Structure formats: structure tokens, C-alpha cells
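Colleague: Could you take me closely through one part of this model, the largest pocket, and tell me what lines it and what lies around it?

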Amino acid sequence: MFSCTRCGLCCKNIHEIPELADFHTGNGICIHLSDDNLCNIYSTRPNICNVEKMYELYYVNMMSKAEYEKKNLEGCKALQNRQKQKHL
């Protein structure tokens with residue numbers, strides 16, 4: 001299972017994801033992200049926001065679940081590193 005750190009950075013950078021265009025008001029932050037970095041629609045969130053569901057729907061025949069989770073973790077770390085660089 002994917003281990004989310006709940007930093008909220010994926011939900012604060014949705015402006016580059018066409019499937020989520022209706023979920024932000026132009027600032028790139030999801031309208032469903034709460035002040036404590038949790039999703040207000042977690043149980044009904046879009047598939048693209050669900051790591052497990054995306055694997056089952058699109059990637060199960062392309063790579064192992066471990067490899068998919070590793071790639072998602074790498075994406076998380078890249079967002080976190082980019083955020084750290086902004087604050088230097």
C-alpha cells in the first residue's frame with residue numbers, strides 16, 4: 001500500500017493535471033484540500049487521486065505494484081524537494 005506523508009503537495013500542484021482542471025480555482029490548489037492537508041472528498045475522490053485505483057485500472061499490466069508505488073514515491077519526493085528549494 002502506498003505510504004502517503006500527508007504533506008498535501010500533490011493536492012497543491014494540480015494545475016498541470018488536465019483531468020483535475022475543474023478542481024482548482026486557478027491557483028493549482030485543489031478545492032477539496034482542507035486546512036489540515038486532508039481531502040474533503042477522500043471516499044469519492046477522482047481515480048487519478050487514488051494511487052491504488054490508478055494502479056488497478058491502468059498500470060497493473062505495465063509494472064509490478066512495488067515498482068508503481070516506488071515511482072509514485074519518487075514523484076512525491078520530487079514535489080517535496082521542489083518545495084524545499086522554493087524556501088531556500
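Modeller: What follows goes from the pocket to one helix residue and then to the nonpolar core. The model is a predicted one, and its largest pocket holds about 1300 Å³ of space. That pocket has a lining of 44 residues, and those nearest its centre are Phe2, Cys10, Cys49, Asn50 and Val51. Two elements, α1 (51–59) and α2 (65–86), each give two or more residues to this lining, and the greatest contribution, nine residues, is made by α2. By residue class, the lining of the largest pocket consists of 28 nonpolar, 10 polar and six charged residues.

Within helix α2 sits asparagine 72, which counts as partly exposed because its relative accessibility is 22%, while the limit for a buried residue is under 20%. If residues up to four places away in sequence are not counted, asparagine 72 touches Phe2 and Val51, both of which are among the residues that lie nearest the centre of the pocket. Between the C-alpha atoms of asparagine 72 and arginine 82, which are 10 residues apart along the chain, the separation is 15 Å.

Phe2 and Val51 also belong to the largest nonpolar core, a set of six residues completed by Met54, Tyr55, Met63 and Tyr68; the largest share of this core, three residues, is supplied by α1. One of the core members, tyrosine 55, is in contact with Val60, Met63, Ser64, Lys65 and Tyr68 once its neighbours within four places in sequence are left aside, and of these partners Met63 and Tyr68 are themselves part of the core.

Methods: Residues numbered from 1 in each chain as written. Predicted model: local features only at pLDDT ≥ 70, side-chain atom pairs only at ≥ 80, totals over all residues. Heavy atoms only, no water. 1 Å grid on protein atoms, 1.4 Å probe; cavity = no way out; pocket = protein on both sides within 12 Å on 5 of 7 lines; lining within 4 Å. Points joined across faces, edges and corners; volume = space filled by probe spheres on them. Helix = DSSP H or I, 4+ residues; strand = E, 2+ residues; numbered from the N terminus. Nonpolar A, V, L, I, M, F, W, Y, C, P; charged D, E, K, R; others polar. Buried < 20%, exposed > 50% of the residue type's maximum accessible area, 1.4 Å probe, protein only. Contact = heavy atoms within 4.5 Å. Core = buried A, V, L, I, M, F, W, Y, C linked by side-chain atoms within 4.5 Å.
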